[in-house]
Every structure is written in C-alpha cells, then in structure tokens.
Amino acid sequence: MDDKKYKSIIEAILFTMGDSVELDKIANAIELDKKETKRLIDELQQEYETSDRGISITELDGSYQMCTKQEMYEYLIKIAKQPAKRQLTDVLLETLSIIAYKQPVTKSEIEKIRGVSSDHAVNKLVEYNLVCELGRLDAPGRPLLFGTTEDFLRSFGVHSIDELPVLSSDQIEEFKAEAEAEMKVQLDI
C-alpha cells in the first residue's frame, strides 16, 4: 500500500472517531509500526497546515484528533446560532395532542391511547421544548407526568390550554365510528 492510501485511512479513522485516538491504535489498524505511522501523521498535519483547509490534526499527549482550525470558529458559531427547524411528524403531532388534552399524563397513558410505544415521540417533544416533565404520579413505580410548555402555547398561538379547540359531540361520534370500522377491517384480516 502506498503512503497516500495509508493517509486516507488515517484521515477516515480520525474523522470517524471524533475523539483523540492513540498512536499505537492507529498503527495497529493500518498494520504499520508506530514510527512509520507517526511519520505519516506528521506529513498529514503538514499538508493540512500548508493548504487552505478548515481542519487540522492535533496531537494530544501521544494521541491524535481531527479538529477545526481556530480561524473557522466564527463561522461555526454563526451556524450554531441559527435556530434548528423542528419537524413535527404525524406521530409527534398525535402524541402532542394527547399530552395537550390529557395533561398531566404518563407515557403509559399515552401509549394506551396510541396503541404503540411513545418513548421516541415524547423524548423528541421534550427536546423541542413543547413538552416537559411536570413531576411524578403518586403510584407504584412513580411514573413521570408530562404536560405542555409555554413554547407550546407560543407555537400554537394560544394563551392557555383552555383555549384549545373542543371537539363537538358529532365529531366524537364520527371518530368513534371510524375507529370501529378500522378495528372491524383489522379483525377481518
């Protein structure tokens, strides 16, 4: 194998691992001795320094890590400050509506209504700060109780949960009929 291929492998290792990687581990991975591996890493470091690249390889007490060059930090900060676009899927909206109308509610109550595990959906809603932990239910296992946040109210343009739309009795009957028809189809299959 030529030096170019070894350097590509070292780059892949350092990029993928993210954290620092000890010289002997890199040497074992590319099946070269430590002296030859260090030479290749030194050459890679020099190549990064002489070319106009945004990354460098840093030595940290006998280990190596791929890092962003300091002069690039201002651009990273600009990206990090941009708000992340939240994607509310049907699953998240369904889970959010259950929490909004039934709060305070436990995950097991949500799962009983939805019929499937809701761990991911609840965790994502907490991450988006639309839902928060309100405390624990005074019951065996002391499950967490969830409810909506001020961000939820702001996002949906309501001042309190009392302003959430109320379903009419006709709509409720229509939903029940749809659910029963769906259950009948599933039982027939």
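## Exercises on a predicted protein chain

The protein chain has nine helices and five strands (DSSP runs numbered from the N terminus: helices are H or I with at least four residues, strands are E with at least two). This is a predicted model, where local features need pLDDT of at least 70 and side-chain atom pairs count only at pLDDT 80 or more, while totals for chains, interfaces and linings use all residues. Residues are numbered from 1 along each chain as its sequence is written, and side-chain values use heavy atoms, with hydrogens and water left out.

### Exercise 1: the overall picture

Work out how the radius of gyration of the protein chain stands against that of a compact globule of 189 residues.

*Solution.*
- Start with the rule: 2.2 Å times the number of residues to the power 0.38, with the radius of gyration taken over C-alpha atoms.
- For 189 residues, a compact globule would come out near 16 Å, but the protein chain has 27 Å.
- Next, look at the extents: the C-alpha trace spans about 75 × 45 × 35 Å along its principal axes.
- Then check burial: 26% of the 189 residues count as buried (under 20% relative accessible area; exposed is over 50%, partly exposed in between, with a 1.4 Å probe and protein chains only).
- Finish with contacts (heavy atoms within 4.5 Å): of those with a separation of 6 or more, 43% join residues 24 or more positions apart.

### Exercise 2: the two sides of helix 2

Find which residues of helix 2 are buried, and say why they count as being on the same side.

*Solution.*
- Helix 2 covers residues 23-30, and its buried residues are Leu23, Ile26, Ala27 and Ile30.
- They are on the same side of helix 2 because they cover an arc of only 100° around the axis (the arc of the directions from the helix axis to the C-beta atoms).
- Turn to the other side of helix 2, and you meet the exposed Lys25, Asn28 and Ala29.
- The cover over the buried residues includes helix 1 (3-17), strand 1 (21-22), helix 3 (34-50) and strand 3 (63-68).
- Just after helix 2, Glu31 has a positive phi of about 60°.

### Exercise 3: helix 7 and its cover

Identify the buried residues of helix 7 and the elements that cover them.

*Solution.*
- In helix 7, residues 119-127, the buried ones are Ala121, Val122 and Leu125.
- Their arc around the axis is only 95°, so they sit on the same side of helix 7.
- His120 and Glu127 are exposed on the other side of helix 7.
- Among the elements covering the buried residues are helix 5 (90-102), helix 6 (107-114), strand 4 (131-136) and strand 5 (144-148).
- After helix 7 comes Asn129, with a positive phi near 60°.

### Exercise 4: two buried residues

Describe the surroundings of Leu96 and of Ser56, leaving out neighbours up to four places away in sequence.

*Solution.*
- Leu96 belongs to helix 5 and is buried, with a relative accessible area of 2%.
- Leu96 touches Leu125, Leu130, Val131, Thr148, Phe152 and Phe156. Of these, Leu125 is one of the buried residues of helix 7.
- Ser56 lies in strand 2 (residues 55-60) and is buried too, with a relative accessible area of 9%.
- The contacts of Ser56 are Tyr48, Glu49, Gln65, Met66, Cys67 and Lys69.
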